[in-house]
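Biologist: I am new to this structure and would like a close look at a single part of it. Please take the last helix and explain how it relates to the rest of the chain.

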Amino acid sequence: MRRRVDAWAEACGLELAAPADRRAQMLSVLRTGDRSATGIIERLHEQGVAVAAPLDDRSDRAIAFGHMADLELGDLDTLLPLLRDAMN
């Protein structure tokens, strides 16, 4: 799943917070650039997708989402296009 997220982010021109050699296998943190993470998360929640909200107002430029436990590649295949669309 880690490789799927990495490849998706690169294909979309998006930046993950950690350098490639330091990324967790179970969690990704996506930088949202100049876009509000809160607004993106609200759009995802409207579609029934749960991702982590920023910890405080200073971190409104990143979204965290897990890819572990009972999740499957199909779950990422559902999430990633919705996330890309919510960021546009």
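**Helix H3, the pocket and the core**

Modeller: The largest share of the lining of the largest pocket, four residues, comes from helix H3, and I will work outwards from that point, keeping in mind that this is a predicted model. The pocket itself has a volume of about 200 Å³, and 13 residues line it, of which Val-49, Ala-50, Gly-66, Leu-71 and Leu-79 are the closest to its centre. Two elements, strand E2 (62–66) and helix H3 (73–87), each give two or more residues to this lining. Sorted by class, the lining is made up of nine nonpolar residues, three polar residues and one charged residue.

To place the helix in the whole, it helps to step back to the chain, which has three helices and two strands, arranged along the sequence in the pattern α-β-α-β-α. The C-alpha trace spans about 30 × 30 × 25 Å along its principal axes, and the radius of gyration of 12 Å agrees with the value near 12 Å that a compact globule of 88 residues would have. Buried residues make up 32% of the 88 residues, and among contacts with a separation of 6 or more, 60% are between residues 24 or more positions apart.

Helix H3 also has a part in the largest nonpolar core, which holds 20 residues, those with the most contacts inside it being Leu-30, Val-51, Phe-65, Leu-79 and Leu-83. Helix H1 (2–12), helix H2 (37–46), E2 and H3 are the elements that each give two or more residues to this core, and H3 gives the most, with six residues. Leu-79 is therefore named twice, once among the residues closest to the centre of the pocket and once among those with the most contacts inside the core.

Two residues show in detail what the helix touches. Leu-83, once residues up to four places away in sequence are not counted, touches Trp-8, Leu-30, Ile-40, Leu-44, Ile-63 and Phe-65. Ala-86, which is found in helix H3, has a relative accessible area of 3%, and because this is under the 20% cut-off, Ala-86 counts as buried. Leaving aside neighbours within four places in sequence, Ala-86 is in contact with Ile-40, Arg-43 and Leu-44. The C-alpha atoms of Ala-86 and Ala-37 are separated by 9.9 Å, although these two residues are 49 residues apart along the chain.

Conventions
Residues numbered from 1 in each chain as written. Predicted model: local features only at pLDDT ≥ 70, side-chain atom pairs only at ≥ 80, totals over all residues. Heavy atoms only, no water. 1 Å grid on protein atoms, 1.4 Å probe; cavity = no way out; pocket = protein on both sides within 12 Å on 5 of 7 lines; lining within 4 Å. Points joined across faces, edges and corners; volume = space filled by probe spheres on them. Nonpolar A, V, L, I, M, F, W, Y, C, P; charged D, E, K, R; others polar. Core = buried A, V, L, I, M, F, W, Y, C linked by side-chain atoms within 4.5 Å. Buried < 20%, exposed > 50% of the residue type's maximum accessible area, 1.4 Å probe, protein only. Contact = heavy atoms within 4.5 Å. Rg over C-alpha atoms; globule rule 2.2 N^0.38 Å.
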